Amino acid sequence: MWFLLGITFTLCIFLAYRAYILPEQQINFYQTFLDSANTSKNLLIKERVADIKIATATTEEKLLSTNKRFDDFILFGGIIVTLLLVISATVYFKTESEVAKNFDEKFWDYEKKVQDSVTKVEILLNSVAAQAEIMQKINKRLLSNQGRTPT
Amino acid sequence: MMQEQLEKIQYTLDDFNLLEKRVRDNIAKADEYKQLDKYLSSVTGEEDSYILNKMKESGILTYNEYVLERNKNKVDGNITGTVLGVIAALKRLLTNNLF
């Protein structure tokens, strides 16, 4: 997500440079050149100036058109990125709330299951302990009946 | 009279199996626990009631109180485990599978 945001941000800076700073520099350069050439009395130069003006106008139009496409791209890209961010945030918060809700609902069930398991283990342990103790007592009694000392 | 009846009682393997199920399913009565305890005392030759002593360790003073507590679904692993252990040990004694 941050990677995409970084790319978008870099692209924005690049396009802003192309759209506002670079054309102004180019226009200034052409304007100075055309102003100096326009004062010339040579017909050939004037024709060339006219050609250059037409070419410049065409290039400017192309540039503007391209910039508008890039603007569209940025606009829709921005909308898509924003939507993705909103969707991600929504999914995150929804999941969090769902998990919390589910946990609250099922907590006592799980607690009961754990408690039942604990009781079962407790029963088994005490059963083994009682068995061992009683066997020992019976063994002791049997040996004393036989007149032997228990080991 | 009652004392004599309790001392005379004899268990078979089937009785122990049935009693074990009754204890597990929580339908054994206070008299059954009492009889088992007496039988155990007669087997071990000790005068102390082994099961009752375990009950007292858990704060339960009589067999009836234990049955009452179990009916309230408060299964005490300590006492129930002891009773089941006693039954298992006596079953082993009956089947000569002591050691």
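Visitor: How many helices and strands make up the secondary structure of chain A?

Guide: This is a predicted model. In it, the secondary structure of chain A consists of 2 helices and 0 strands. Chain B also has 0 strands, with 6 helices, and from the N terminus on its elements run α-α-α-α-α-α.

Visitor: What share of the residues in each chain counts as buried?

Guide: A residue is called buried when its relative accessible area is under 20%. In chain A, 13% of the 151 residues are buried. In chain B, 43% of the 99 residues count as buried.

Visitor: How is the accessible surface of each chain divided?

Guide: One looks at the total area and at the part that belongs to carbon and sulfur atoms. For chain A the accessible surface is about 12,300 Å², and 66% of this belongs to carbon and sulfur atoms. For chain B the total is about 5,600 Å², with 48% belonging to carbon and sulfur atoms.

Visitor: Which residues make the nonpolar surface patch?

Guide: The patch, of about 760 Å², is made by A:Leu75, A:Phe76, A:Ile79, A:Ile80, A:Leu83, A:Leu84, A:Ile87 and A:Val91. One of these residues, A:Ile79, has its place in helix 2 of chain A, which comprises residues 43-145. A:Ile79 counts as partly exposed because its relative accessibility is 41%.

Visitor: What do the contacts say about residues far apart in sequence in chain B?

Guide: One sets aside contacts between sequence neighbours and asks what share of the remainder joins distant positions. In chain B, among contacts between residues at least 6 apart in sequence, 62% join residues at least 24 apart. In chain A, residues 24 or more positions apart account for 50% of the contacts with a separation of 6 or more.

Visitor: How should a single helix be read, and which residues of helix 2 of chain B are buried?

Guide: An α-helix has 3.6 residues a turn, so residues three or four places apart point the same way. In helix 2 of chain B, the buried residues are B:Phe16, B:Leu19, B:Glu20 and B:Val23. They cover an arc of only 105° around the axis, so they lie on the same side of helix 2 of chain B. On the other side of this helix, B:Asp14, B:Leu18 and B:Lys21 are exposed.

Visitor: Which helices do the buried residues of helix 2 of chain B pack against?

Guide: They pack against helix 3 (30-44), helix 5 (63-71) and helix 6 (77-94) of chain B. As for its length, helix 2 of chain B spans residues 13-24 and reaches 17 Å from its first C-alpha to its last, close to the 16 Å expected for its 12 residues. After the helix comes B:Asn26, whose phi is positive, near 65°.

Visitor: Where does B:Ser41 lie, and is it buried or exposed?

Guide: B:Ser41 lies in helix 3 of chain B. Because its relative accessibility is 12%, B:Ser41 counts as buried. Apart from neighbours within four places in sequence, B:Ser41 is in contact with B:Glu46, B:Asp48 and B:Ser49.

Visitor: What covers the buried residues of helix 4 of chain B?

Guide: One first lists the buried residues, then the elements in contact with them. In helix 4 of chain B (residues 50-57), the buried residues are B:Tyr50, B:Ile51, B:Leu52, B:Lys54 and B:Met55. Their cover includes helix 2 of chain A, together with helix 3, helix 5 and helix 6 of chain B. Helix 4 of chain B is followed by B:Gly59, with a positive phi near 85°.

Key:
Residues numbered from 1 in each chain as written. Chains lettered and ligands numbered in written order. Predicted model: local features only at pLDDT ≥ 70, side-chain atom pairs only at ≥ 80, totals over all residues. Heavy atoms only, no water. Helix = DSSP H or I, 4+ residues; strand = E, 2+ residues; numbered from the N terminus. Expected span 1.5 Å × (residues − 1). Buried < 20%, exposed > 50% of the residue type's maximum accessible area, 1.4 Å probe, protein only. Arc of directions from axis to C-beta. Contact = heavy atoms within 4.5 Å. Areas by Shrake-Rupley, 256 points an atom, 1.4 Å probe, with all protein chains shown as cover. Patch = residues over 30% accessible without salt bridge, like charges linked within 9 Å, V, L, I, M, F, W, Y side chains within 5 Å. Salt bridge = Lys/Arg side-chain N within 4 Å of Asp/Glu carboxyl O.
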